[in-house]
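Colleague: Please take a close look at the ligand site, and follow the helices on from there.

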Amino acid sequence: MSGIKIRGTGRFAPAKIVTNDDLAKIVDTSDEWITTRTGIQTRHHCTTETHTDMCVGAARQALENAGISPEDIGACVGATFSSDYLSPSAACMVQRGLGLPHDAVCFDLNAACSGFLFAIHTMECLLAQAPRKYGLVLGAEILSRVMDFGDRSTCVLFGDGAGAALVEWGANYPSLHAVLGCRGNSEVLYVPGVNTAAPPHVHMDGQSVFRFAVEAVPRCAREVLDRAGLTPEDIDLFVFHQANQRIIDFAVKKLGIDPARCPGNIERTGNTSAASVPLLLDELVGGGAITSGQKALCVGFGGGLTWAGALLELA
Ligand code: UT7
């Protein structure tokens, strides 16, 4: 069996921190409502930083932490729907910023909040054919640019950031046992594109997405475990998309796992969509919560509607 392992991770968080009280000055909300309904206390917003700055910063850190040179990269896949340019892709901007080889396969994909896990599975397939065995996988979003700051039901939820993973392909490495899915729906969660007259803001029917998420997260986690022939006890940590602490709590309960094995950072990041899983992964790797040989079962869900799960192992 061939597959990939994580050799290093990185992240970039914009300098500006926005508190719930800051948002209460511009919309009719409160720290109490946001904290109890979502678990979010602060989030980062870009000011002078660009999407490209975040991607290059996170990717550079992942390379450094892995001890791998840019010339060893065979592919770079970015997951995002809020990059600086519709074209070139964020991955192409990272190719330029870090001087990745010209034959490295660089492109973006859009699977919204599930994007990083779609991208890492895509990388697992790509590296089997790539010119070199190392790949960069990015999740990055500037959601503060696609927010309607007059809509209290969405603008308090989202934040900006980028996370990266440097992965290594190996003929004897384990499969990610990825489970990916989508159910096309442009009603409950969508961002209008350039071909529509509507402004490019996040529109969300929060309750419908909540109901979808509390079913999708535990189902997806169980499907990954089944494919891998494992039980929850075989997993070191569960890393779930940071959208709402209440969704995570539901999933933990349904799976019957100890909440201590499902750490989070939503109180400091808000929902960063495709950046959410890699940002948290980097915090956990940097803090020593996941070490060499350990397994993290990651699950994402969101716009599309999409869902994705994968078993990531640290080299
Ligand atoms: O990553 C992408 C996937 N997205 C998600 O996972 C989001 C999933 N959904 C959620 O997390 C939750 O549905 C929300 C956090 C978005 C909303 O929480 P809720 O408990 O479902 O609240 P609600 O939409 O049922 O609204 C309850 C009340 C309403 O007022 P009334 O009608 O009861 O008077 C809202 O108008 O809360 C009001 N409300 C707010 N009040 C203060 C909505 N947003 C706010 C706000 N501050 N920011």
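Modeller: Helices (H or I, at least four residues) and strands (E, at least two) are DSSP runs, numbered from the N terminus. This is a predicted model, in which local features need pLDDT of at least 70 and side-chain atom pairs count only at pLDDT 80 or more, whereas totals for chains, interfaces and linings use all residues. Residues are numbered from 1 along each chain as its sequence is written, and side-chain values use heavy atoms, with hydrogens and water left out.

The shell around the ligand (residues with a heavy atom within 4 Å of it) takes its largest share, 4 residues, from α7. Of the 23 residues around the ligand, those that come nearest are Thr29, Arg37, Gln207, Asn244 and Asn271. Sorted by type (Ala, Val, Leu, Ile, Met, Phe, Trp, Tyr, Cys and Pro as nonpolar, Asp, Glu, Lys and Arg as charged, the others, Gly among them, as polar), the shell around the ligand holds 11 nonpolar, 8 polar and 4 charged residues.

Several polar contacts (pairs of N or O atoms within 3.5 Å) can be followed atom by atom. A polar backbone atom of Arg152 is 2.9 Å from a nitrogen atom of the ligand, and a backbone N or O atom of Gly206 lies 3.0 Å from a ligand nitrogen atom. The side chain of Arg246 has an N or O atom 2.9 Å from an oxygen atom of the ligand. By accessible area (Shrake-Rupley method, 1.4 Å probe), the ligand taken alone exposes 950 Å², of which the protein buries 73%. The elements giving two or more residues to the shell around the ligand are α2 (31–38), α6 (152–155), α7 (206–228) and α8 (245–255).

Further along the chain, helix α10 (residues 276–286) is mostly covered, with 8 of its 11 residues buried (under 20% relative accessible area). The buried residues of α10 are Ser276, Val277, Pro278, Leu279, Leu280, Leu281, Asp282 and Leu284. After α10 comes Gly288, whose phi is positive, near 80°.

α10 also supplies at least two residues of the lining of the largest cavity, as do β12 (295–302) and β13 (304–313). A cavity here is a set of points on a 1 Å grid where a 1.4 Å probe fits but cannot get out, and lining residues have an atom within 4 Å of a point. The lining comprises Ile6, Leu281, Val285, Ile290, Gln294, Lys295, Ala296, Leu312, Glu313 and Leu314, which divide into 7 nonpolar, 1 polar and 2 charged residues.

Conventions: A polar contact is a pair of N or O atoms within 3.5 Å; within protein, one must be able to donate a hydrogen and the other to accept it, and residues adjacent in sequence count only if both atoms are side-chain atoms. Buried means under 20% relative accessible area, exposed over 50%, partly exposed in between (1.4 Å probe, protein chains only). On a 1 Å grid over the protein atoms alone, a cavity is a set of points where a 1.4 Å probe fits but cannot get out, and a pocket is an open set with protein on both sides within 12 Å along at least five of seven lines; lining residues have an atom within 4 Å of a point.
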